[in-house]
Amino acid sequence: MQKEKILSLLSEKCMQSFGCDLDEATKQQTYRAVCLVVRDLLVQTRNDFCSRYEKQQAKQVYYMSMEFLVGTSLHNNLYNLGLEDSFRAALADLNVDLDDLYEIEPDAGLGNGGLGRLASCYMDAMSSLHIPATGFSLRYEFGIFKQKIIDGWQMEFPDNWLDMGDVWLIPRKEDAVEVKFGGQVHEWMQDGKLKIEQYDYTPVLAVPYDMFISGYDSGAVNKLVLWSAKSPSNMDMNAFSRGDYVKAIEQNAMAEAISKVLYPADDHVEGKILRLKQQYLFVSASLQSIVKNHLKHFDSLDSLPQKAAIHINDTHPALCVPELLRILLDDYGYDWDRAWDICQNTLAYTNHTVMSEALERWPEYLFREQLPRIYQLVAEINRRLVNQLNTVYPGDLAKIEYMAVIANNEVRMANLCLACCHKVNGVSKLHSDILKDSIFHDYYHIAPDKFTNVTNGIAYRRWLCQSNPKLTEKLREWIGDGFLHDANALEKLMKYYDKANVLQDLQKIKRYNKEVLCNYIARSNGINVDPNSIFDVQIKRLHEYKRQLLNVLHIMHLYCVIKENPNLDIPPRTFIFAAKASAGYFMAKQVIRLIDAVSKLVNSDPAVREKVKVVFLEDYKVSLAEIIIPAADISEQISIAGKEASGTGNMKLMINGAVTLGTLDGANVEIHEQVGDDNIFLFGLTAPEVEELWKKGYNPVEYYNGNLELRRVIDMLTSGVLGSRFDEIAKSLLTNSYGAADAYMTLADFDSYVRKQEEVGRTYLDKRKFFNMSLVNIAKAGLFSADRAVTEYADDIWQVKGIK
Ligand code: CJB
């Protein structure tokens, strides 16, 4: 597009939206005008795409997820539309730097971490692959909280993203749907048919907002539909006319509270009523709109499984099962068997974690009270399931109870999905095997064909091409443009494996990206970091199983070693952390406090700080990850084996040339398969070894007593040298009385980790060797493209195809 055309579109938008000329617009107004112009372009492409797939009566994907961690959109959309350079040039005429506009865009942080970001990567990939898809979620008024660290403590602040982020959303008030909560169910016979009605319920309106999702160089634009809860205006009229003004307002607020805020817990659930209401609101509204859309094009719901693949992203949208059943039975008069058949063939489920605290279960009374009709259906699903299980496992009451949807006064959402969905997948080879062999083994036994694996993937055009333009430019020069469409073409880089000038260029690019990050660190933390040091990065949610603690204990060990021997010859290191902890997660917050204390100790000690620096970057989010990842040398993926379902940060770091230091957990196993032993730093127990050790009886005190280095750092925690004491952490490692001590085997893996870290240091001294490794990581990262992952979903689970 010519820059004159862009300028005229911008001028028009500016006048329309703000009543001012473009050259008088503030930066914020210019930003909004640019976004609105881009949005219009997306609408045009979308209309064209829709008419093509409607004409072909193509099957569609409906991706149901409580979280979409979208991040920013302007850069992504301009890049995908191939308009970045022309917009940059047009804006330069106005003395506006496009990068400044990128910076003022808030992240749409409608997710906690990996799961939500994966959903966004898959939306991007579906658009790039021309697969007609709609994502459904909630339009949280407040996304993931903003994090500040004050005196070592994480503080949470509201994320009012809609202030600026609303520019990408198009409301469709006319398409609002009603969702019913509470009340009673009335059943009666009419003309020989059972009739069902919910009465005395509380209605809540779900209003859809559309956000368009572009694909790379693709004629396809999909959309994310975000539901916002509203109180129906007529609901309070009675109370209002009786003069019960406060009650009316209260009811309004209660309805609207449903989409107010994202629950900030990751890999962990809280059985709160509001959360159940969020889930039902978005599930019911989405299914109503899917059904309506289907009936616009086809004459009955019999063909739903042929035309719609509804995907349940983790158990949060598991209410899809009984809600779709309810619609088929109550609203469209299907009989049970036919309705169940349609549900089974339409719905598929991805499991994202084996952590027992993340498996959703609802107290039965609460579930029944909030969703009386849905409860009846779940009870009937359970009754039929238990009957069936009695024939497969006669008399095995323990097994049947384990597999039941309702047991011990709880409704279990994973079992609901397992009982119904035609496909169930894990998110890495190891994780999918653990599902089959262990947590879902009994379901696997009765329906082995249901189970499959789709290893996660990333939208590499965001994570490499957009966030690391220097590397991308060089890659294009070295291997051509093929990788922009097909990530497997990155493998061509292997021909330069030992080419000195390529390795030097890789080193220069890394150095440049490190300088960018150094500037950020100087601005945000006031710490001067040496760009020649190894950038050793652990960025992810703060969770005990991810073992940020192991990383800190090693840093404390290094501190001790350097204090003992100030002339120690090791390459300087900068340890970079970024992580949010769930607001109520005490131990996670203690670990943040420990990182903060260690960083103060290390960074202020003249004997140590030349060799080691520790930086904790506040408020980890997509846009911050985009700055850190291109600058990383070492990617810390050090979870206890068997617990990290996949990880996707590991893939983003790898494709940017960072070398993984990790356990054989999640997708690290496949990264290892890709790069081979020589291009990864592996340490620690494997998943079977972890299991073995638990069986044998794990006693962390033996490790503490048997390893002087380990003992020294654990003793430091309670000695006061860190400025304050970390008794709870030490206790959780050695003497936890309410669970297993050291539940994540940090002590068992300490020695192996320390030795591997020494190897990392030695390897880095040989720059050529290190950048050989880095090159291999980039070259072999193609497998982890979201395009590959989505193609597997499309072929094996959804049976959908891209549109010509
Ligand atoms: N995951 O981010 C979350 N939240 C959850 O509640 C459960 C799992 C993560 O999902 C990612 C995407 O599949 C995985 O890569 C990651 O291992 C897992 O922890």
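Which residues does C320 touch, not counting residues up to four places away in sequence? I looked, and the list is M64, V283, L287, I310, I312 and L347. Contact here means C-beta atoms, placed from the backbone, within 7 Å.

A note on the model before going on. I'm working from a predicted model, where local features need pLDDT of at least 70, side-chain atom pairs count only at pLDDT 80 or more, and totals for chains, interfaces and linings use all residues. Residues are numbered from 1 along each chain as its sequence is written.

**Domains.** I pulled up the domain assignment, and it gives domain 1 (57-72 + 107-421) and domain 2 (460-790); such bounds come from an automatic or database assignment. Their centres, taken over C-alpha atoms, are 36 Å apart. Domain 1 puts 37 residues into the contact and domain 2 puts in 27. On the domain 1 side, β2 (68-71), α6 (114-128), β5 (146-150) and β6 (153-157) each give two or more residues. The largest share comes from α6, with nine residues. I sorted that side by type and got 16 nonpolar, 13 polar and eight charged. (Ala, Val, Leu, Ile, Met, Phe, Trp, Tyr, Cys and Pro count as nonpolar, Asp, Glu, Lys and Arg as charged, and the others, Gly among them, as polar.)

**Core.** Back to C320: together with V321, L347 and C417, C320 has the most contacts inside the largest nonpolar core, which has 252 residues. Helix α24 (residues 548-564) gives the most to this core, nine residues. Both domains contribute to the core, so it lies between them. (Such a core is a set of buried Ala, Val, Leu, Ile, Met, Phe, Trp, Tyr and Cys residues joined through C-beta atoms within 7 Å; buried means 20 or more other C-beta atoms within 10 Å of the residue's own.)

**Ligand.** I checked the shell next and found 19 residues around the ligand, with G114, L115, H352, A645 and S646 coming nearest. Near means a C-beta atom, placed from the backbone, within 6 Å. The shell holds five nonpolar, 10 polar and four charged residues. Both domains give residues to this shell, so it lies between them.

**Sheet.** Last, I traced an open sheet of six strands, β22-β21-β20-β23-β24-β25, with parallel pairing. β22 (612-617) and β25 (681-682) are at the edges with a single partner strand each, so one side of each has no neighbour in the sheet. Four bridges join β23 (residues 634-637) to β24 (residues 659-662), and I634 sits opposite V659. (Pairing takes at least two DSSP bridges; helices are DSSP runs of H or I, at least four residues, and strands runs of E, at least two, numbered from the N terminus.)

How values were computed
Buried ≥ 20, exposed ≤ 12 C-beta atoms within 10 Å, placed from the backbone. Contact = placed C-beta atoms within 7 Å.
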